[in-house]
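I opened this notebook to record what I looked up, chain by chain, and then where the chains meet.

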Amino acid sequence: MSRLADLALACYPPSWKERYGDELADLAGDGDGADLIVGAARAWLHPAGTRTIAARRQSAISTVHVSWCAVFVAGLVYLKAVNDPPLPGLTTGASQPLWAVAKLTFFAGWGLLLLGGTGLLLRIAFPALRVRNWPVLRPMVPAAVLLVAVLGGIPLLGRYDNAAGVTAVLVWLALGLALVVMGAVGPVVALRRSGLSVARWPVVVAAGVTVMAVGLAAATAAQAAVLTDRVDAYNFTIMWGSVVVLVAAAATSTVSVGRALRRS
Amino acid sequence: MARSSSRWADPGLLVLGSLADGEKHGYAIAEDIEQRTGRRPGPGTLYGAIARLEQDGLITALEGDARRRPYRLSGDGARVLQAELSGMRAFANHGLRGLRGRMATS
């Protein structure tokens, strides 16, 4: 199997992999990477093998977490496109209330995610630490190491000039991106391996994060429409590309949480 | 055989049709669809359809090797397939009648 097909298989939702992963791996060949990537995207939108409420809740928590990580990266990319340097009229006129909504939803989403996520993480990590359940703890180690490296790197960023400074910033950005990726994947794998039964409350918190993601996506899409004639072709692509990611992530979260909140 | 056209594009219907004559695992379903339509569904497409059909109760997974689990058409699946194929047959008959009339007058 090609590396692309391997990667695509790894991108399927955990519950889906658990149910169909072996069969899919048996059938997948070298030229199936693109088909598997599309299949993985569809599987996130239509999580099969999750008929029980418990499985749907776990799937929704995982989906919202991964989606919010995508929202975070897309939000930063959008910010870079419109605010570095600031576009004329970014914080005035029709753009001003949208800017305020985008900021509010971004920070509120992070607040809710930390509130719900920390509780779940502690419920997974503490029991696993007590009985030294390494298969559960191991997926979270890369994110923890990267977090220390990224935080530790902040004071070093301003110390160097010229080429060394540019290299330091690039390395730090690469570590930051790796942190987002591992921070997205690690807790999801740990949650699945822990077999933790997710109560209704974390799903309600995830629904709150989803509402914030929808608000952020709507505000940035509307603002991008207002600002669209003020950006050059390069920033136009970056701005609308990040809006597409934001909308897709918000839609994916909404579908998944909607299924999890259904009673039957 | 001619290459498949868009009417054969629904993987779910193709899977149901393939299971009409008995239980099969994923690989056998893919082979069967390729033989009948000239186009082999990719594994992502095939298992996306299998997952949806199983969730809707139209097919049932049987006990077997985890890597080659066989599937069987359920009662509901058979009814859905019957209705879909009857609709397609009625549409095909209508189109063929029209074509015959057109050829007769030209």
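**Chain B**

I began with contact range, and in chain B residues 24 or more positions apart account for 51% of the contacts with a separation of 6 or more. I note at the outset that the model is predicted, and I read every entry below with that in mind.

I then looked up the secondary structure of chain B, which comes to four helices and three strands, and from the N terminus on I read its elements as α-β-α-α-β-β-α. On burial, I noted that buried residues make up 28% of the 106 residues in chain B.

How are the three strands of chain B ordered in their sheet? I found an open sheet in the order S1-S3-S2, with antiparallel pairing. At its edges I placed strand S1 (24–25) and strand S2 (59–61) of chain B, each of which pairs on one side only. Following the pairing of S2(B) with strand S3 (residues 70–73) of chain B, I counted three bridges in the antiparallel sense, and I saw that B:Ile59 stands opposite B:Leu73 in S3(B).

**Chain A**

I turned next to chain A, which has 10 helices and zero strands, so that I could write down its pattern along the sequence as α-α-α-α-α-α-α-α-α-α. Here residues 24 or more positions apart account for 86% of the contacts with a separation of 6 or more, and buried residues make up 39% of the 264 residues in the chain.

I looked at helix H1 (residues 3–10) of chain A on its own and found A:Ala5, A:Ala8 and A:Leu9 buried. Seen down the axis of H1(A), these buried residues fall within an arc of 100°, so they line one face of the helix. I then asked what covers the buried residues of H1(A), and the cover includes helix H2 (14–27) and helix H3 (33–45) of chain A.

**Nonpolar cores**

Which residues have the most contacts inside the largest nonpolar core? That core has 50 residues, and I listed A:Val71, A:Val203, A:Ala206, A:Val209, A:Ala213, A:Leu216 and A:Leu246 as those with the most contacts inside it. The elements that give two or more residues to this core are, in chain A, helix H4 (53–83), helix H5 (95–130), helix H7 (141–153), helix H8 (162–194), helix H9 (200–227) and helix H10 (233–261), and I noted that H4(A) gives the most, with 12 residues.

I followed A:Leu216 further and, leaving out residues up to four places away in sequence, found that A:Leu216 touches A:Val71, A:Gly75, A:Ala102, A:Thr105, A:Phe106, A:Gly109 and A:Leu246. Apart from the largest core lies another core, of 30 residues, and among its members I recorded A:Leu27, A:Trp44, B:Ile50 and B:Ile59.

**Where the chains touch**

Last, I looked up the contact between the chains, which takes 17 residues from chain B and 19 residues from chain A. On the side of chain B that touches chain A, the elements giving two or more residues are helix H2 (26–37) and helix H3 (43–55) of chain B, and H3(B) gives the most, with nine residues. By class, I entered that side of chain B as six nonpolar, six polar and five charged residues.

Methods:
Residues are numbered from 1 along each chain as its sequence is written. Chains are lettered from A and ligands numbered from 1 in the order in which they are written. This is a predicted model: local features need pLDDT of at least 70, side-chain atom pairs count only at pLDDT 80 or more; totals for chains, interfaces and linings use all residues. A nonpolar core is a set of buried Ala, Val, Leu, Ile, Met, Phe, Trp, Tyr and Cys residues joined through C-beta atoms within 7 Å. A residue is buried if 20 or more other C-beta atoms lie within 10 Å of its own, exposed if 12 or fewer, and partly exposed in between; C-beta atoms are placed from the backbone. Two residues are in contact if their C-beta atoms, placed from the backbone, lie within 7 Å. Ala, Val, Leu, Ile, Met, Phe, Trp, Tyr, Cys and Pro count as nonpolar, Asp, Glu, Lys and Arg as charged, and the others, Gly among them, as polar. The arc is that of the directions from the helix axis to the C-beta atoms. Two strands pair if DSSP finds at least two bridges between them.
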